[in-house]
Amino acid sequence: MFTRLFGKPKQEGNALTTLDKLNETLEMLEKKEKVLQKKAAAEVERAKEFTRAKNKRAAIQCLKRKRLYEQQIEQLGNFQLRIHDQMIMLEGAKATTETVDALRTGAAAMKAMQKATNIDDVDKTMDEINEQTENMKQIQEALSSPIGAAADFDEDELEAELEELEGAELEEQLLQPATTAPAAPVQAPAGRQPTRPIPQKRTAEEDELAALQAEMAL
């Protein structure tokens, strides 16, 4: 339906060519209008001259030609108005065609994307991802499970043995004697000086040893 109304996208060049042609025609009509306006003004000046010269008949002829020029000027103005109207319609049709063409292109791109992402393909891809994830989980579980002699150990027995070790350790800590705290230093009561030790008398051997040391010093 849009193709019948606005034509195919390749007709955009024809619309541009038509707009250019209308612009050229409009410029030509404007130039003719200016020429006729100058001629009409010249006829008015000539009519004034003939009036001053008392040539009434020649003055009337000038005014007739002026009116003919004015009629042509009015006709050219109508032509320009129609061309402006046609240009506005063509520009509006061109904008509409470009909009429809852009929408058509967007719809085609969306359709192509939908074909590339079919819902069945999406479901299949998700199933493959889930399957690969499950396989990887099984592989990781297989790698983490014990092998060889360690696989024969009973976890319950190991836990019971660990509890026995923890109980023995606790019992050993309870049976150890408590360490005696160091005795606090005895402080003398305030206001009293500590008593000096009483010197003991030296024995006879100590006296002889002292006398010998004195002789050797001499």
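## A buried glutamate and its salt bridge

E43 counts as buried, at 6% relative accessibility. Here buried means under 20% relative accessible area, exposed means over 50%, and partly exposed lies in between (1.4 Å probe, protein chains only). The structure is a predicted model, in which local features need pLDDT of at least 70 and side-chain atom pairs count only at pLDDT 80 or more, while totals for chains, interfaces and linings use all residues. Residues are numbered from 1 along each chain as its sequence is written, and side-chain values use heavy atoms, with hydrogens and water left out.

E43 forms a salt bridge with R46, and the closest N and O atoms are 3.7 Å apart. A salt bridge is a side-chain nitrogen of Lys or Arg within 4 Å of a carboxyl oxygen of Asp or Glu. Both E43 and R46 lie in helix α2, three residues apart, which is about one turn of the helix. Helices (H or I, at least four residues) and strands (E, at least two) are DSSP runs, numbered from the N terminus. Unlike the buried E43, R46 is partly exposed, with a relative accessible area of 38%.

## Salt bridges in helix α3

K66 is found in helix α3. The side chain of K66 meets that of E70 in a salt bridge, at 2.9 Å from N to O. E70 and K66 are separated by about one helical turn because they are four residues apart in helix α3. K66 is buried, with a relative accessible area of 14%, whereas E70 counts as partly exposed at 38% relative accessibility. Leaving aside neighbours within four places in sequence, K66 is in contact with A40, E43 and V44. Contact means heavy atoms within 4.5 Å.

R104 and D101 form another salt bridge, the closest N and O atoms being 3.4 Å apart. Both residues lie in helix α3, three residues apart, about one turn of the helix. R104 counts as partly exposed at 34% relative accessibility, and D101 counts as partly exposed at 26%. Salt bridges that share partners also join E43, R46 and R65 into one network. The count of salt bridges comes to five.

## The nonpolar core

Which residues make up the largest nonpolar core? There are eleven: L19, L22, L26, L29, L36, A40, Y69, I73, L76, I83 and M87. Helices α2 (12–52) and α3 (56–116) each supply at least two residues of this core. The largest share, six residues, comes from α2. A nonpolar core is a set of buried Ala, Val, Leu, Ile, Met, Phe, Trp, Tyr and Cys residues joined through side-chain atoms within 4.5 Å.

L76, one of the core residues, touches L29, K32, E33 and L36, not counting residues up to four places away in sequence. Among these partners, L29 and L36 also belong to the core.

## A nonpolar patch on the surface

Nonpolar residues also appear on the surface: I119, V122, M126 and I129 form a nonpolar patch there, with about 350 Å² of accessible area together. Patches are made of residues with over 30% relative accessible area and no salt bridge; like charges are joined within 9 Å, and nonpolar side chains (Val, Leu, Ile, Met, Phe, Trp, Tyr) within 5 Å. Accessible areas come from the Shrake-Rupley method with a 1.4 Å probe, and for residues only the protein chains shown count as cover.

V122 is found in helix α4 (residues 119–144). The relative accessible area of V122 is 38%, so this residue is partly exposed.

## The loop between α2 and α3

K54 is found in the loop between α2 and α3. At 76% relative accessibility, K54 counts as exposed. Phi of K54 is near 65°, a positive value in a residue other than glycine. Most residues other than glycine have a negative phi.

## The chain as a whole

How many helices and strands are there in the chain? The chain has six helices and zero strands, and read along the sequence it follows the pattern α-α-α-α-α-α.

Of the 218 residues of the chain, 11% count as buried. The accessible surface of the chain comes to about 19600 Å², and 56% of this belongs to carbon and sulfur atoms. Among the contacts in the chain with a separation of 6 or more, 76% are accounted for by residues 24 or more positions apart.
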